[in-house]
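Okay, everyone, thanks for coming. Let me put the model up and then walk you through some of the things I looked at.

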Amino acid sequence: MASLRKKIPRVSQLQKQEERLALLLLLPTFIILIAIAFYPLGSVFYTSLTDRVFASAQPVSFVGLDNYKNLLSLTIKELPPKIDEGTGEPLIDPETGDIEYESSVSVLPRDPVRFRELTQFSLLGTRYILGASDRDFIWSIWDTLVFVVITVILELILGMIIALVVNTRFPGRGMMRAIMLVPWAILTAVSSRMWEYMLNPTRTGVINVIFQMLGLGDGQTPFLVDPQYQLKAMIAIDVWKTTSFMALLLLAGLQLIPKELYEAAEVDGASKVRQFFAITLPMLRPVIAVALVFRTLDAVRVFDLFQIVLQQTRYSMASFAYYQLIGSQKMGYSSAASVIIFLIITIFAIWYIRMLGVEQE
Amino acid sequence: MKSLSLSKILGRILFWLIVIIIGFFLLFPFYWAINSSLKSEAQLQMTPTTFIPRDPETQEIAATMMNYLAVFRNEKFLTGLKNSTIVALTTTLLALTIGSFTAFALGKLRFRGRTPSLYLILSMTMFPQVAVLTGLYAVIRTLDMTAIPSMIFSYMLFTLPFTVWVLTAFFKGLPDEIMQSAQVDGATPFQTFWMILLPLTLPALVTTGLLAFINAWNEYLFALTFTTIEVDARTVPVAIALFTGEVSYQEPFGEIMAAAVLVTIPLLLLVLIFQRRIVAGLTAGAVKG
């Protein structure tokens, strides 16, 4: 190509003109992306190494990896049993017959930061306690990951069922396809408030009424307050909101499968179930892969739902970073949390690029 | 057709049962919002709650428009609607203008660095907003921007890459001969783009524009953060999330639901009218074609 250009100078000039125009047209996009993505990201990385306080004139000092250490430090300590002063034997709870242990506060480190209990477990007859310097953040990572895995799996299964139904011919199919867009079109802020109301802890909440009718509860379940139900409620809301998006992607994939394949299978006498596993699923694999990763990347950064419904009672990683910035004004600390979220998403994204790399032009 | 076997009839019944369950699953929460928005405070407090608004004494059907009237009198909500419209429309127009320039360059012009540029922009579509939150806020404060321009500016983060991505694919699909013949006629590449190619991309512009608009209308994290101090600049999602009634001290769910229904209906109409285009746009990235 290069030698060709030299031979025909007129083309080379056109080429140069075209190149200049291209750069001119790309410029606005890149200026904007530098201003709102690359530069802020760089500054977040830098700020995460400082103790900067948001909206204040306080001098900023460089603290190295302290923010990360405070966010992520974990410790395991042995929890000694309470000793009876008189006998020197471990105290036994008279009701349950279990050994009573010292309180977690007594064994977890306090300096320079106070560690708090995440969980306790027994191993080889000794009681251990797992503590974290920032319990909320470690929980937010755990909760977010659980949320991601369960929502994505449920959405895939339900989305597949919906897509298969809507892909068959039946009267009213057009309407069903329109209905599929309803949850997607509702603002997340709106759907969060809608569900918040439906999940009211008394029988003014419809979910409690339905649960009682089905014999699943007493009509007083505090879905959004009781930690046992909080995450399940978040998952239910998200599944409702985004399953139809998953179904849309899968439906588009289903429509690309040639009809002849099914006709041939029909002639061979293969059952519908067999057809699904022998034709549909393998043909749909690339679409499923993309849909899964789209949803995963989206779910990892979940914010609206957690911030609106659970506020500060339980965090997703994103809502944790938000509250550290706006609530506590700890800009450096919040930035460090953001960097960790960014790294987690990058890991997922690399996985994404690898998967798509196969079908590059 | 004459004699359907028993298993076929059962299959039919099962199929329709699934259809009904799916329809119920997808529509029920929205139905519930409408139902609740038509109830008075006393009706909302009824236990067990009723599936249609009923009078607490007589159990007769009784709906009220009170909540809707209250919402229309709610200054915060109305300001939110105005702000959201300004922000979403400007974001869409800006993203389409700048995006189509870039997409034309990436789709139709030959230059070095084309593929890396495309991938760089594409990688931005998975960029987590929360990761740049503190940095972006610092940029905005340095530039001394007020909340509404900051929202428009920052929404480019998710609207621009998507617009570029979809439009580039569209420009690539247009035959090269159009450009060549225009150039033979003496048109500069930019004239070709502006006067000949851009009108041809109208369908793609509508699709991406709609999705950009909906995404900007839906955005919550930046809107919430940037309007922390500037309360008057709050958009609809923030207004609804922070909705408090004028009188009642407890959460006015009737009004919240009325507001929810009001902002959802125009969006639903938009989505249903442009159903095909939206589905095409949403699936553009996932399905080769």
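Let's start with E196(A), which counts as buried at 12% relative accessibility; buried here is under 20% relative accessible area, exposed is over 50%, and partly exposed is in between, with a 1.4 Å probe and protein chains only. Before I go on, the housekeeping: this is a predicted model, so local features need pLDDT of at least 70 and side-chain atom pairs count only at pLDDT 80 or more, while totals for chains, interfaces and linings use all residues. Residues are numbered from 1 along each chain as its sequence is written, chains are lettered from A and ligands numbered from 1 in the order in which they are written, and side-chain values use heavy atoms, with hydrogens and water left out.

Back to E196(A). Its side chain meets that of R193(A) in a salt bridge, 3.0 Å from N to O; the rule is a side-chain nitrogen of Lys or Arg within 4 Å of a carboxyl oxygen of Asp or Glu. Both residues lie in helix 8 (residues 188-198) of chain A, three residues apart, about one turn of the helix. Helices are DSSP runs of H or I, at least four residues, and strands are E runs of at least two, numbered from the N terminus. R193(A) is buried too, with a relative accessible area of 2%.

R193(A) also turns up at the interface. Together with I36(A) and Y197(A), it supplies 9% of the area that chain A buries against chain B, more than any other three residues. Chains A and B bury about 8600 Å² between them, 78% of it on carbon and sulfur atoms; that is the accessible area, with a 1.4 Å probe, that two parts lose on being put together, summed over both. In terms of contacts, 96 residues of chain A touch 98 of chain B, where contact means heavy atoms within 4.5 Å.

How many salt bridges does the rule find across that interface? Two, while the structure holds 10 over all chains. One pair that crosses between chains runs from E19(A) in helix 2 (residues 9-47) of chain A to R112(B), in the loop between helix 4 and helix 5 (114-124) of chain B. Their closest N and O atoms are 2.6 Å apart. E19(A) is buried, with a relative accessible area of 15%, whereas R112(B) counts as exposed at 68%.

Within chain A, E155(A) forms a salt bridge with R295(A), the closest N and O atoms being 2.8 Å apart. E155(A) lies in helix 5 and R295(A) in helix 12 of chain A, so the pair ties together parts that are 140 residues apart in sequence. Both are buried, and both belong to a salt-bridge network with D238(A), D298(A) and R301(A).

One more interface residue to look at: F28(B), in helix 1 of chain B. F28(B) counts as buried at 10% relative accessibility. Leaving aside neighbours within four places in sequence, F28(B) is in contact with M198(A), V206(A) and F51(B).

Last stop, T235(B), in the loop between helix 11 (221-226) and helix 12 (236-241) of chain B. T235(B) counts as buried, at 4% relative accessibility. Setting aside neighbours within four places in sequence, its contacts include G80(B), N83(B) and M151(B). That's my tour, so over to you.
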